[in-house]
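Reader: I am new to this structure. Please take me closely through one part of it, the strands and how they pair.

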Amino acid sequence: MDRLPSSNRFWPSLAALVAPSFGVLGALAYLHAIPWVSAVLAIVATIVATALLLKRHLAALARHAKRLDELAKGEPPDALARPADGGASAPIAEAVARLERALPERVQPMASEAALESIVDALPYAILQIDSDERIARANAVARALFGEGLEGKPLVAYLRDPDVLDALAEALAGAYPEAADVRLAGSVERSLRVRAVPLPRGSGSKPAALLAIADVTTVQQAERMRRDFVANVSHELRTPLATLTGFIETLQGPARDDAVARERFLSIMATQGARMTRIVTDLLSLSKIEEAEHTPPSGRIDAARVLAGTLDALSIAAKAKGTTLVPEIAADLPPVLADGDQIAQVFQNLIDNAIKYGRPGGRVRVSARVAERTPPGFVARSSRYVEVRVEDDGEGIAREHLPRLTERFYRVDAGRSREMGGTGLGLAIVKHIVNRHRGALDIESEIGRGTTFLVYLPVAETAPATA
Ligand code: ADP
C-alpha cells in the first residue's frame with residue numbers, strides 16, 4: 001500500500017511551523033521581557049496546538065491525495081471511507097468533488113472511441129473513413145490488408161478510381177445514402193468488391209465526412225457463377241438424350257408405327273439414351289453425397305491392393321473389348337490406407353476405365369501401387385506416409401492447358417468423343433472430391449502423343465486395429 005503523505009511530513013512541518021515562535025519567545029525571555037516559565041509554557045502550548053492543527057490538515061490532504069489516485073485508476077468513489085471535509089481544506093474537497101463529477105464525461109468518450117476502433121477492426125469488411133476532400137482519414141485492419149499500409153492522408157482515388165464509387169462517395173459527402181457500387185479491383189488476383197458509401201454525422205461546424213464499407217464478394221460471385229454454370233450444364237447434358245427420346249417416341253407413334261425393323265433400331269437408340277440419362281443422374285447423386293461427407297475423413301483401414309485387384313478384375317472385359325492389356329504392378333508389402341473401401345474402389349474404377357477409354361486401342365494400361373517417395377508439389381502432407389497409386393496409359397495424351405480444368409464437373413477435352421464413349425464428364429470430379437475427403441492428393445501428368453498418368457496419394461493407416 002502507498003504511504004499517505006501525512007506520515008512522513010508531520011515532524012518536518014511541525015518543526016518548520018514552531019521554530020519562529022521558539023526564536024521570538026526565547027529572545028523575549030533572554031531579554032527578561034517575560035519570565036522563563038511563561039516562555040517555556042508558551043512554547044509547549046504552541047507545539048501542542050500546532051501539532052493538533054497540522055495533523056488534521058495533513059490527514060485531510062492525505063485523503064484528497066488518495067481520492068485523486070483512485071480517480072486516476074478509474075476506481076469508483078468509496079463513499080463510506082470518505083468523511084465529510086471541512087475547515088481549511090474544504091476548497092480542495094470541493095475541487096476534487098467537481099473533478100469527480102466531470103471526469104466520466106471526459107473519460108467515457110475516450111474509452112468508447114477505443115472500443116469502437118476495436119469493433120471496427122474486427123468487422124469482416126474494409127472500412128474507410130473519408131474526409132470532405134476525398135482523402136482517407138482512417139482505415140480498419142481489413143482495409144489495410146486489402147489496400148496496404150499507410151492509407152491515412154492518401155486520396156481515395158489512388159486506390160479506388162471506379163466512377164461509380166466516386167459518385168457514391170460524392171453523394172454520401174452531400175448527406176445522401178447512395179446504392180452500393182460493384183467494382184473490380186485489378187491485381188495479381190482480380191477481386192470483386194461491393195462498396196457502400198454512407199454519410200457520417202457531423203458535429204456543429206465540422207466538415208462533411210463519409211464512411212465506405214467494402215465487402216469482398218469474389219468467392220460469393222465465383223460460387224454463384226459456378227452454380228449457374230452447373231445448372232446450365234446439367235440441363236444441357238439431359239436435354240440432348242431427352243430430345244432424342246421424345247423424337248423417337250413421336251416417330252414410333254407416327255410414320256414408323258408399322259415398321260418393325262425401324263422400331264427395333266429406334267428402341268435400341270432409346271435404351272442407350274435412357275441409360276445415359278441414368279448414368280448422369282447417378283453420377284450427380286454420388287457427387288452430391290461425397291460432397292456432403294467431405295468434411296469427415298474416413299477412418300477405415302483398407303487394403304488398397306485388394307481393392308485394386310477387384311477393380312482390375314471388373315474392368316477386364318472392357319479392356320479385352322478394346323484389346324488393352326492391363327499391367328498390374330502392386331508392391332507386395334503395401335501398408336493399409338485410411339479410406340472408405342467403396343469410395344476408393346470408385347476412384348480406381350473411374351481412372352482405369354478412363355485409361356482404357358482414352359488409351360490406345362491395343363495398348364497397355366499400367367496400374368501400380370507402392371509407398372510414395374514424394375507427394376505432389378504444393379500439397380500439404382498431414383500424414384507421414386502415403387500410398388501412391390498410378391494409372392498410366394499410352395493414349396494420345398492431354399494438352400497442358402486442359403490439365404487444371406479436368407476435374408471440373410462436365411469438363412471434357414473432346415465432348416463429342418466423351419459422349420460417344422458413354423462418358424458423363426463427371427468421373428474426374430468424383431475422383432477429386434473422394435481424394436479430398438480422404439485428405440489425399442491427385443496429380444496428373446500427360447504428354448501429347450505419349451500418354452497420361454493419373455497419380456492418387458492416400459494416407460497410410462499407421463496404427464489402429466483392422467476394420468476391413
Ligand atoms: P468422361 O465421362 O468424359 O470420361 P471424366 O471426368 O472422367 O469424364 O474425364 C473428363 C475428361 O478428361 C474426359 O472427357 C477426357 O477428355 C479427359 N480424360 C480423362 N482421362 C483421360 C485419359 N486417361 N486420357 C486422355 N484424356 C482423359
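Author: Start with an open sheet of five strands in this predicted model. Its order is β2-β1-β5-β4-β3, and the pairing is antiparallel. Look at the edges next. β2 (136-139) and β3 (181-185) stand there, each with a single partner strand, so one side of each has no neighbour in the sheet. The sheet is also twisted in this sense: neighbouring strands are turned by 30° against each other on average, direction ignored.

Now move inward to one pair. Strand β1 covers residues 126-130, and strand β5 covers residues 209-216. Five bridges link β1 and β5 in the antiparallel sense. To find your place, pick Ile127: opposite this residue, in β5, stands Ala213.

What lies across β3, β4 and β5? Helix α6, residues 218-253, does. Helix α6 runs at about 130° to β4, which spans 191-200.

Further along the chain, follow β9, residues 364-371. β9 pairs with strand β7, residues 325-330, in the parallel sense over six bridges. Pro328 has Val367 of β9 as its bridge partner. β9 also pairs with strand β10, residues 386-393. Here the sense is antiparallel, over seven bridges. Val365 has its bridge partner in β10, namely Asp393.

One general point helps when you inspect the side chains. In a regular strand they alternate between the two faces of the sheet.

Definitions and conventions: Residues numbered from 1 in each chain as written. Predicted model: local features only at pLDDT ≥ 70, side-chain atom pairs only at ≥ 80, totals over all residues. Heavy atoms only, no water. Pairing = 2+ DSSP bridges. Helix = DSSP H or I, 4+ residues; strand = E, 2+ residues; numbered from the N terminus. Axes fitted to C-alpha atoms, helices over the stretch in contact; angles between N-to-C directions. Contact = heavy atoms within 4.5 Å.
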